[in-house]
Each structure stands twice: as C-alpha cells, then as structure tokens.
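Reader: I'm new to this structure and would love a close look at one part of it. Could you walk me through the surroundings of a single ligand?

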Amino acid sequence: ANAVATVSLAQLRAEFAIRLAKLYGAEVPAYNTLVDVSKDVNEDFISRHGADAERLGSIDRVTAERHGAIRVGSATELSQVARVFGGFGMYPVGFYDLRDASKSSVPVVSTAFRPTDRDELAKNPFRVFTSMLAHDDRRFFDAETEKRLEEFVGARELFGEELLALADKSAAQGGLSESDAERYLDLATASFELSEEPIDHDWYYHLEAISSVASDIGGVPATHINHLTPRVLDIDDLYRRMSERGIEMIDEIQGPPDWEGPDVLLRQTSFRALDEKRLFRHADGEVREGQLRVRFGEVEQRGIALTTKGRDLYDRLVAEVDRRRREEQPEWTRVEVALDVWRESLPDNETELALQDLGFFTFHRGDQAAPEAGEYTLRELVESGAVAIEPIVYEDFLPRSAAGIFQSNLTGEGSRDDEQLGTPYDIERLSEVIGVQIADPTALYAAQRQASIDELEQALNIRII
Ligand code: OOG
Ligand code: NI
C-alpha cells in the first residue's frame with residue numbers, strides 16, 4: 001500500500017459485495033427475502049447458542065458473508081474478470097470440472113476468486129464462483145456452433161479498458177484513492193448488471209437445446225450475476241422458514257446431512273427464481289417480450305475444512321450413500337441414508353476430527369499448564385489441555401453441489417455426445433488461461449495449520465511429532 005491507496009483491498013471488496021447485493025436484490029426481489037430470513041436465523045442461532053455459535057466465524061463476518069456466481073464465455077473474458085477481481089484482493093482458488101460432475105449437459109470449467117490470506121478472509125471473505133464455457137468441447141458443441149460461439153462472444157465487451165486499468169492499479173498499489181475507488185466500484189458493479197439489450201431468439205434457443213447453461217453464457221450480450229448466496233449458521237432452520245413463507249425450495253439440502261457431530265465442508269440449498277421478462281429479437285426482425293428462468297436464490301452453511309485424508313473419506317461416504325440407495329434402501333431419501341453412514345464413519349467431535357487428521361484446525365495455547373521442553377504428539381498436548389484447537393472454516397466449493405446447482409437451473413437435460421472427445425482441462429491449463437496460478441485450496445489450509453504448529457513449538461520450546 002502507499003499514500004494514494006486510501007481505500008484498501010478489503011474495503012473495496014466489502015463495498016463491492018454490498019453493491020452487488022443491492023443490484024441483485026433489485027433484479028431478483030426474492031433475494032431480499034432470503035437475506036432478511038438469513039439475518040433472523042443467524043440472530044436466533046446466536047441467542048440460542050451464545051459464544052459457541054461464533055466458533056466458525058464471528059456474527060459480523062457471517063452476516064456480511066456471501067458468494068456470487070458468474071459465468072463467462074471465453075479465455076479472454078476469464079482472464080479479464082480475473083483482473084477485475086484481483087483489484088479487490090480476490091485470487092483464483094481451486095479447479096472444478098463440472099462437465100464430468102454432472103450427467104446432464106453442463107459444459108463449463110470453474111474456479112473461485114477469493115481472498116487467500118487469513119486476515120483478509122476475516123476482514124471480508126467475499127468470493128465469486130466463476131465458470132468458463134468450454135466452447136471447444138466437442139461433446140457439446142459441433143464445429144459450426146463452436147465457431148459461432150467464438151464470433152458471438154468475441155464481439156462483445158464485458159469489461160472495458162478503464163475498468164481493467166483501475167483494477168490493475170488497485171492490485172499494484174494494494175488499494176485506490178477515494179475517487180478511483182468510486183469509479184472502479186461503479187464500473188465493476190455495472191459490468192454484472194443484467195443487460196436490457198434484446199437477445200437473438202434463434203441463436204439463444206439453438207444453444208438452449210444443447211444446454212441452458214450454454215445459452216445463459218453464450219446466447220446473451222453480457223454477463224450477469226447468476227446468484228448471490230448469504231451464509232447462515234443453521235440452514236435447516238432457514239429451509240423451514242423459507243418454506244413457511246411459501247417459497248418453494250429445491251427438494252433437499254445438498255452436502256453433508258444435519259447431525260450431532262461437527263459440521264464439515266459446505267451445505268447448500270436454493271429456490272428457483274421466478275420467470276424474468278426479457279426481450280427477444282426474432283428471425284422476422286421483430287422484438288417481442290419473452291421469459292427466462294435462469295436465476296435463483298441460494299443459501300449456504302459452512303463447516304470445517306477437510307484434510308486430504310478427510311476429503312477422501314468424505315468422497316467414499318458419498319459413494320457409499322449412493323450405493324445403499326441403489327442397492328439396499330431405494331425408498332430412503334439421500335439425507336436419511338447419509339445420516340446413518342455419517343454416524344457409522346465420522347468422529348462426532350472436533351477433537352477426534354483434528355487428531356485423526358480428518359479436519360483442518362489451528363493449534364494454540366490451552367488453559368492447562370505448559371509442558372516441559374521436549375517432544376510430544378498433538379494428541380498428548382490436546383488431551384492434557386496444554387493445547388487448544390480451533391477449526392479452519394471451509395472457504396471453497398463442492399463439485400457435486402455445484403453441479404446440482406447448475407442442474408436445478410436446467411430447463412431440460414440438453415444434449416451431449418460422449419462418443420466425442422472432451423477438451424482436457426485441468427488446474428494447470430485453466431491457470432494458463434487466467435494468466436495467474438490457481439491456488440490449491442488444501443495447500444492453503446495446510447499452510448495455516450502448519451503456521452500455528454510452528455508458533456506453538458517456538459513459544460513452548462517443544463517439538464511436535
Ligand atoms: C455456479 C454453481 C456453483 C455453488 O455454490 O456451488 C455454485 C453457477 O450456477 O454459475 O455457485
Ligand atoms: Ni453458489
């Protein structure tokens with residue numbers, strides 16, 4: 001930072017999240033209801049649970065917290081949006097291939113832009129799940145459609161030169177002056193506003209027959225916020241309250257079941273937005289009003305980040321739930337089966353989750369006497385009370401839930417031809433597209449844990465083995 005950067009990256013990011021929320025609330029009014037109900041749920045949760053309620057994040061952070069989802073159509077657009085987010089201190093983390101996470105037609109690969117530093121996350125954790133259309137994937141698009149997609153997307157400008165220059169300046173300086181900040185926020189927010197320009201009807205529906213995700217990205221003149229998701233401390237309570245208000249939610253809460261043990265990873269649910277009016281330009285040249293239904297409201301509850309070992313276990317449990325439903329309990333819901341599987345397989349307390357190396361925690365001085373200098377295991381230190389544990393919150397996404405979100409957006413199955421070869425995207429290839437190395441989320445959590453262990457070893461003059 002320097003003297004001209006009076007508005008910090010964290011302040012810019014917090015304000016950006018607020019402005020997008022205003023924009024989205026004006027476009028999708030049910031979102032405002034969702035935010036109101038989320039606030040009520042969080043306040044009630046705090047009054048029921050007291051100090052414990054803030055174990056996974058302060059009430060201020062949780063109330064301000066949300067994630068957005070956007071979709072872009074090309075490598076150029078993705079690299080530009082990365083610059084826009086970079087000016088807010090948001091960097092690409094994680095690679096998600098939703099083409100394979102879904103049986104339906106979801107032709108995108110994704111990453112999430114978010115702060116990576118613990119202190120920055122604590123100041124404001126705003127994140128945006130960002131998907132790029134894999135327009136060159138032959139399973140979805142024939143050569144002719146690919147070419148037209150390239151032309152159509154290549155001809156539009158989502159992010160202007162002035163916006164990109166301000167973003168780069170903010171990234172370089174670690175913030176902006178008051179007047180630059182104002183302009184940057186205006187331009188950045190406006191680039192995610194729903195466009196009123198008429199949509200080419202035949203082109204839109206040509207893509208829609210392939211995938212309604214493709215038409216939402218490559219069939220319209222601009223990008224827009226697909227959803228903005230508040231965080232709640234009790235998603236089951238939220239689900240009940242929204243249903244009581246007559247808002248029709250999707251069938252279930254995705255991710256881990258509600259149970260008596262620690263919350264891990266991410267639980268999400270959503271409602272379909274109402275039809276939205278859009279203008280379509282038809283083949284006869286006339287512009288007529290039509291309706292689209294592509295946006296919706298999503299809400300989430302965040303839990304503890306899992307280690308590689310914990311995540312492998314989680315993935316095995318998810319597969320086991322699928323197997324039991326297929327082979328043994330076809331009349332049970334996924335959540336009912338998951339509850340059984342969870343109880344059989346996961347420790348029901350934070351200490352064991354930490355000590356069995358399943359969940360990520362940081363380690364700090366506990367309230368019992370410090371040990372003498374020497375070598376100790378974490379178990380010895382934690383069980384004696386010399387060391388206390390603190391959960392690290394999962395800041396990322398789940399491919400299966402994300403695919404579920406995309407799917408609940410689809411108007412039909414779309415079409416895909418699995419005889420064709422897909423384009424082989426992975427974290428390295430997408431990093432090249434963006435021009436910035438995508439961080440591995442697990443490595444970020446592991447570094448945070450290790451830093452706390454290093455600090456303890458120093459402070460107590462011990463070695464942890
Ligand atoms: C993104 C879907 C993924 C989530 O919360 O998992 C997502 C999209 O629909 O564009 O937002
Ligand atoms: Ni989402």
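Reader: How far is an oxygen atom of ligand 1 from an N or O atom in the side chain of Arg 71?

Author: Happy to help! This is a predicted model, where local features need pLDDT of at least 70, side-chain atom pairs need 80 or more, and totals for chains, interfaces and linings use all residues. Residues are numbered from 1 along each chain, chains are lettered from A and ligands numbered from 1 as written, and side-chain values use heavy atoms, without hydrogens or water.

The distance at Arg 71 is 2.8 Å, a polar contact (N or O atoms within 3.5 Å). His 67 also brings a side-chain N or O atom to 3.1 Å from a ligand 1 oxygen, and a polar side-chain atom of Glu 298 lies 3.1 Å from one. The protein covers 100% of the 320 Å² of accessible area (Shrake-Rupley, 1.4 Å probe) that ligand 1 has on its own. Two elements, as DSSP runs (helices at least four residues, strands at least two), give two or more residues to the shell: β2 (66-72) and α16 (399-409).

Around ligand 1, with a heavy atom within 4 Å, are residues including Phe 129, Asn 226, Gln 268 and Phe 397.

His 67 and Glu 298 appear again at the nickel ion, ligand 2: with His 227, they are its protein donors (N, O or S within 2.8 Å; 3.2 Å for Na, K and Ca), lying 2.1 Å from it. Their sequence spacing is H-x159-H-x70-E. His 227 sits in strand β8 (residues 227-230) and Glu 298 in strand β12 (residues 296-302), so this pair ties together parts 71 residues apart in sequence.

Methods. A polar contact is a pair of N or O atoms within 3.5 Å; within protein, one must be able to donate a hydrogen and the other to accept it, and residues adjacent in sequence count only if both atoms are side-chain atoms.
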